[in-house]
Structures are given as structure tokens and as C-alpha cells.
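Have the sequence and the model open side by side, and let's walk through the fold together.

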Amino acid sequence: MKPNFSLRLRIFNLNCWGIPYLSKHRADRMKRLGDFLNKESFDLALLEEVWSEQDFQYLRRKLSPTYPAAHHFRSGIIGSGLCVFSKHPIQELTQHVYTLNGYPYMIHHGDWFSGKAVGLLVLHLSGVVLNAYVTHLHAEYNRRKDIYLAHRVAQAWELAQFIHHTSKKADVVLLCGDLNMHPEDLGCCLLKEWIGLRDAYLETQDFKGSEEGSTMVPKNCYVNQQELKPFPFGIRIDYVLYKAVSGFYISCKSLETTTGYDPHSGTPLSDHEALMATLCVRQSPPQQNPSSTHGPAERLPLMSVLREAWTELGLGMAQARWWAAFASYVIGLGLLLLALLCVLAAGGEAREAAILLWTPNVGLLLWAGAFYLFHVQEANGLYSAQAELQHVLGRAREAQDLGPEPQPALLLGQQERNNKEQ
């Protein structure tokens, strides 16, 4: 590869808000989105909330001359909503569905039915291996009392681990999507500190768009204005994150967002704002490689984030176990009542009342049983994530005792290099 090698990538990301029968002007917005993507001719377009197979097939046909490679990541009951369109051939594809994704009985939120996931596509561009990830994490419905916080933290940790374990052969890592987290939130910090991802908005040399880089803004006619009342400039929950490894350097030359309205039609493409980033990848001499050594002082932010995540998962696990215990008590009482009803029905006394109560009691038992099984599964999922964090924290303490060590995704990467040397 030539010493002055440089690769330019244009990236597009948008949460399309494509909920069948519920999202306003969906068909018109999909048409205008297709026209815009064809006109701009990005290298990669990564989309979330394309819930309708019909919408994906429409975009695929419309975009095929410009983006010959496309894929729709399907999971859950109604689908993950994730899809990608690429100007370049896709070498590999896979996805990972998150272990935890809300509660099935919270039907009005609907996240559980979507099967939230992360999709991965591998591209080979002029000798550079690009791992591009697209994801959509669980929504935050109430910031003051967020009952899904532990699930979102667990998803962020799973996402970080998935990227860590699948990007070992990559030269460049790109993560786009709706993380449903503010930049200072725990899950975002976890991704940046553990994986070493950099935020295009913070790193760009040239930004144009909505104030403070917000991707949900009050100017957008589709946004719930009441929810954004505490945030006069809007909120930033959609991201373009990236890092380079193995002797490459990546920078964000420009980042642009839409600003809540379309100058031609008057209505925006979605209730979220689109992100359009221009990234530059170049070869860097060894001394300029970002993966330099870091001592204990540089590891302190990571340690703090890992401990906070471990604590949050522990709180979520305690809550899940409480609900499982509550359901088990309901099951016990229901079985006692069922036995009593059987005795009454067999003895002839209060037979009619026993028969009337039989059906609701069986229904209660079935509901409590499902409730118990779900929260046991939730507790196990949180325990698994917490156990992984516990292991990482243990390795971190060992590293502190042994002194400074290299940090490519920090501690696990060092262990893998040692194994290879042996």
C-alpha cells in the first residue's frame, strides 16, 4: 500500500420512523428518502426503523442502480428494523440479537416485539477491511424514572463485546445507529471507553446542522414537543462512531445533520434527523498509531465506567429477582385456590361458584407462570452481563498491580496477544 494512501467514505444514517399504520406520511417519506439517497450517492446508508418488508423492498428496487448491495436484518416478531444499502460489495453479513429488550407485557412500548439487534457487514475497500455496524437500542420513555436502564446498559455491553470479538481482523470499525442514549449516559461512555470509539460530532473538522448536533429537535413536526420540553435544543441520541486499528488513522472531515424540515416539501424525512459524515482513512506511521500505551491514570475513566455499569446491572438483577419471587407467590396462592375449587366442585357445595372461578384462576396461573419465567430469564441475562464485567474488573486490578500495559480495547486484547506469542 502506498505511503500516501487515503480513502474517503461518505456515510448516511437515519432512524426512518417507518411504523406501518402509525407513522405519518410513511410512503411519501420513503419515496423522498430514496430520491435523496440516489442523488447523494453515499458509500453506505444505514437505516433503522424500517419495520415494513414492503418499504425495504421498495427502497431496494429504487436504490439498486446506486447501491447494488443491500440487506434487511430480520429478528423478533416484527423485525429489528435495521437495513443497509452499500455502493460496494458486501463480503460478510451477520447479526446479534440482544438478550434483553424490555418487557412483553409493556405492549404500548413494543420494543420487546421488535427483537432489537446489531447488524454487521464487512467491506473490502482498496485493501482496507471495514467492519460497519448498525444498531437500535431500547427506547428511553421516561428519563426521570427509566425502568429500562439496566436493559439498555446490558445491550450497550453486549454491543461492545460483539464489536470487540468480531473486529479483530478489521482495519476500520464504524458504528452507526439510534442508541437512545445521550452522549454522557452510561452506555455511551461504556462504548467509548471499552472499545475506544470516537464520536464524529466531537471529532469533526466541519459541522453543519442542528444546534448541539441534536438528532431529535423541536422544529421537527413529527416530534412529541412535550417530551422535548426539558431540552430546548433537542437531544442527540443518533451517532456515527468510529475507530481505526492496525496502522491506520481515521478522521471525520465533515458531519452534517438535517434540521427538522425539508426545504422542498416542508416536512422532514423522519422524526429523527439524518446524519451525513465524510470520513477519511489513511495509513499512519507506527509512532502515530492511536493504540499507544496507557498507564493506570489513563485507565481510571474506564474503571469508573465499568464499576458503574456493574452496579446498574446489579440493581436491575435485584429488581428482576423480586418480580420473579412475587410471581412465584402468586403461583403458590393460585395452586392453593385451584385445589380448593376442585374440592368444592367435587363435594357439591358451592359447585356453581367453583366452576365460575375456575377459568379466571387458571388464567391467573398461566399469567403468573409466564411472568415468572420471563423475569427469571431477565435476571439470568443481567447476571451474565454482570459476570463478564466482574471478570474484566478483576483483570483490570491485576493489570494495575503489574503496571502499564497496551490498550486495544484494553485488557482482553493484551491477553489475546500474549496467547498468540506463546
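What follows goes from the chain as a whole to its sheet, its helices and a few side-chain details.

Keep in mind that this is a predicted model. The chain has 422 residues, and 52% of them count as buried. Its secondary structure comes to nine helices and 15 strands. If you look at contacts between residues at least 6 apart in sequence, 74% of them join residues at least 24 apart. On the outside, the accessible surface comes to about 20,100 Å², with 58% of that belonging to carbon and sulfur atoms.

Let's start with a sheet. Seven strands make up an open sheet in the order β3-β4-β2-β1-β13-β12-β10, and the pairing is mixed. Strands β3 (69-73) and β10 (207-208) sit at the edges, each pairing on one side only. As a general reminder, strands of a sheet pair through backbone hydrogen bonds, either parallel or antiparallel. At the β10 edge, two bridges join that strand to β12 (residues 248-257), and the two run parallel. To find the spot, go to Phe207, whose bridge partner in β12 is Leu255.

Now put helix α1 on top of that picture. Helix α1 covers residues 26-40 and lies across β1 (6-18), β2 (44-50) and β13 (275-283). Relative to β1, helix α1 runs at about 175°. Within α1 there is a salt bridge between Lys31 and Asp35, with the closest N and O atoms 3.4 Å apart. Why might such a spacing suit a pair? An α-helix has 3.6 residues a turn, so residues three or four places apart point the same way. Lys31 and Asp35 are four residues apart in α1, about one turn of the helix. Lys31 is partly exposed, with a relative accessible area of 42%, and Asp35 is partly exposed too, at 34%.

The stretch leading up to α1 has some backbone geometry to look at. Trp17 has a positive phi of about 50°, although it is not a glycine. Trp17 lies in strand β1, and with 14% relative accessibility it counts as buried. Further along, His25 also has a positive phi, near 50°, and is likewise a residue other than glycine. His25 belongs to the loop between β1 and α1. Is His25 buried or partly exposed? At 47% relative accessibility, it counts as partly exposed.

Back on the β3 side of the sheet, follow the loop between β3 and β4 (82-86), where you'll find Ile78. Ile78 forms a nonpolar surface patch with Ile77 and Trp112, and together they have about 300 Å² of accessible area. Ile78 counts as partly exposed because its relative accessibility is 45%.

Next, pick out helix α5 (residues 186-195). Eight of its 10 residues are buried, so α5 is largely enclosed by the rest of the structure. Among the buried ones are Leu186, Leu190, Leu191, Trp194 and Ile195, and Lys192 is on that list as well. Just after α5 comes Gly196, with a positive phi of about 85°.

For a glycine in another helix, go to Gly363 in α8 (residues 351-402). Gly363 is partly exposed, with a relative accessible area of 35%. Gly334 is 29 residues away along the chain, and the two C-alpha atoms are separated by 9.7 Å.

Finally, let's return to charged side chains. In general, side chains of opposite charge can pair when their charged atoms come close. The count for this model comes to 14 salt bridges. Which side chain does Lys116 meet in a salt bridge? Its partner is Asp111, at 2.8 Å from N to O. Lys116 is buried, with a relative accessible area of 2%, and Asp111 also counts as buried, at 6% relative accessibility. Elsewhere, Glu203 and Arg198 meet in a salt bridge, at 3.4 Å from N to O. Glu203 counts as partly exposed, at 36% relative accessibility. There is also a network to trace: salt bridges that share partners join Glu140, Arg143, Glu184 and Asp185.

Conventions: Residues are numbered from 1 along each chain as its sequence is written. This is a predicted model: local features need pLDDT of at least 70, side-chain atom pairs count only at pLDDT 80 or more; totals for chains, interfaces and linings use all residues. Side-chain values use heavy atoms; hydrogens and water are left out. Two strands pair if DSSP finds at least two bridges between them. Contact means heavy atoms within 4.5 Å. Axes are lines fitted to C-alpha atoms, for helices over the stretch in contact, and angles run from 0 to 180 degrees between N-to-C directions. Patches are made of residues with over 30% relative accessible area and no salt bridge: like charges are joined within 9 Å, nonpolar side chains (Val, Leu, Ile, Met, Phe, Trp, Tyr) within 5 Å. Accessible areas come from the Shrake-Rupley method with a 1.4 Å probe; for residues, only the protein chains shown count as cover. A salt bridge is a side-chain nitrogen of Lys or Arg within 4 Å of a carboxyl oxygen of Asp or Glu. Buried means under 20% relative accessible area, exposed over 50%, partly exposed in between (1.4 Å probe, protein chains only).
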